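Dear colleague,

I am handing over the structure we spoke about, and below it I have set out what was found. Please read the notes with the coordinates open beside them.

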Amino acid sequence: MRPTLSQFLDALPATVPSNLKALVLDMAAACRDIGQTVNNSAITGKQGALAQENVQGEVQKELDVIANDMMLEPERWHGRVAAVASEEMDTLHPIADGGEYLLVFDPIDGSSNLDVNGVVGTIFSILDAPKGRAVTEADFLKPGKEQVAAGYTAYGPQTTMMLTLGAGTFAFSIDHDRGEWVLIRDQVAIPESTREFAINMSNHRHWEAPVRRYIDECVAGKDGPRGVDFNMRWLASMVGDIHRILTRGGVFIYPVDQRASGKNGKLRLLYECNPIAMVIEQAGGTATDGHQRILDIAPTALHQRTGVVLGSKEEVARVTQYHG
Ligand code: P6P
């Protein structure tokens, strides 16, 4: 019988702090609850857009706010989380004095997919909290390589969590018969090569030359310099596209572009890119901003954005090479 998430965590080395293992279980419970709310949203009518915008200036969906509020409930974290930072809020939110960890999350990534029943997900990142003093915003501005755990839960045909604590990437799904998260993939490994790319092609005219060159060569297929045909996928939900790459390989690109709105990229470093980059690297993939390793970037602002090129090693290396 498949081990449960709890059994998996219990079997980890004693060097993994017990409070971190317990926090992962709390996170899994929060994702289970958010997933149920997502699954019921067509019935409860909570898929609509609100009149308000989030700190990013994006129209918020009712579920963005509902899921965010669920994550702010202090009792969920049993005193283990000192403060949280959410993509939906402009600054940190204290949870419990003396908590050992900081939690960074995007409560519903890809929420524009809700009303069309597309994959959406919750992305989370866990950092050590400062000891003996109040948490400040600066405590969240850590390079992604300092994350102690990270992952996401994809709410799709299955409710599946991808999780890393720094020693491999593992997949768990909710077994509704057992009412438990159970291990479905042990030591996920991304194929080093691929013939599948994920990018929003409608932005082609805005891309910088290296990205245009790479994608044009993929589109040219066997008649072009690559000599093979490529396939394209774009779900407009990072969690969905990343889950496919962790399942069968691929390269995901959301580059900076030449528009004022795109000069720093679209995706958020702390809430989306750092946790995803850790999961990808721990599965043997590569994650850069086109030039440098995403996990090495030293953040200067909570809502900082970055370009993203990640996935199968060989293709990421090619895009990075084209950037010079
Ligand atoms: P576009 C969702 O809004 C998101 O933040 C990611 O999940 C997704 O990969 C990207 O933006 C989609 O962006 O410009 O294609 O709508």
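To begin with the ligand, one of its oxygen atoms lies 2.9 Å from a polar side-chain atom of aspartate 109; please bear in mind throughout that this is a predicted model. In the side chain of asparagine 200, an N or O atom is 2.8 Å from an oxygen atom of the ligand, and for tryptophan 234 the corresponding distance, again from a side-chain N or O atom to a ligand oxygen, is 2.9 Å. On its own the ligand has 400 Å² of accessible area, of which the protein covers 81%.

As for where this places the molecule, the ligand sits in the largest pocket, and the elements that contribute two or more residues to the shell around it are strand 13 (251–254) and strand 14 (267–268). There are 13 residues around the ligand, and those that come nearest are Asp109, Asn200, Trp234, Met238 and Tyr254. Sorted by class, the shell consists of six nonpolar, three polar and four charged residues.

Turning to the strands, I would draw your attention to two sheets.

One is an open sheet of five strands, arranged in the order 12-11-13-17-15 and with mixed pairing, so that strand 13, already mentioned for its part in the ligand shell, also belongs to this sheet. Its edges are formed by strand 12 (231–232) and strand 15 (286–288), each of which pairs on one side only. Strand 11 (residues 196–198) runs parallel to strand 12 and is joined to it by two bridges, and within this pair phenylalanine 197 stands opposite methionine 232 of strand 12.

The other is an open sheet made of eight strands in the order 4-3-5-6-7-8-9-10, and here too the pairing is mixed. Strand 4 (93–94) and strand 10 (180–185) are the edge strands, each pairing on one side only. Inside the order given above, strand 6 (residues 120–128) and strand 7 (residues 149–155) pair in the antiparallel sense over seven bridges, with serine 125 standing opposite alanine 150 in strand 7.

With best regards

Definitions and conventions
Residues numbered from 1 in each chain as written. Predicted model: local features only at pLDDT ≥ 70, side-chain atom pairs only at ≥ 80, totals over all residues. Heavy atoms only, no water. Near = heavy atom within 4 Å. Polar contact = N/O pair within 3.5 Å; in protein donor to acceptor, adjacent residues only side chain to side chain. Areas by Shrake-Rupley, 256 points an atom, 1.4 Å probe, with all protein chains shown as cover. 1 Å grid on protein atoms, 1.4 Å probe; cavity = no way out; pocket = protein on both sides within 12 Å on 5 of 7 lines; lining within 4 Å. Sits in = over half its atoms within 2 Å of the grid points. Helix = DSSP H or I, 4+ residues; strand = E, 2+ residues; numbered from the N terminus. Nonpolar A, V, L, I, M, F, W, Y, C, P; charged D, E, K, R; others polar. Pairing = 2+ DSSP bridges.
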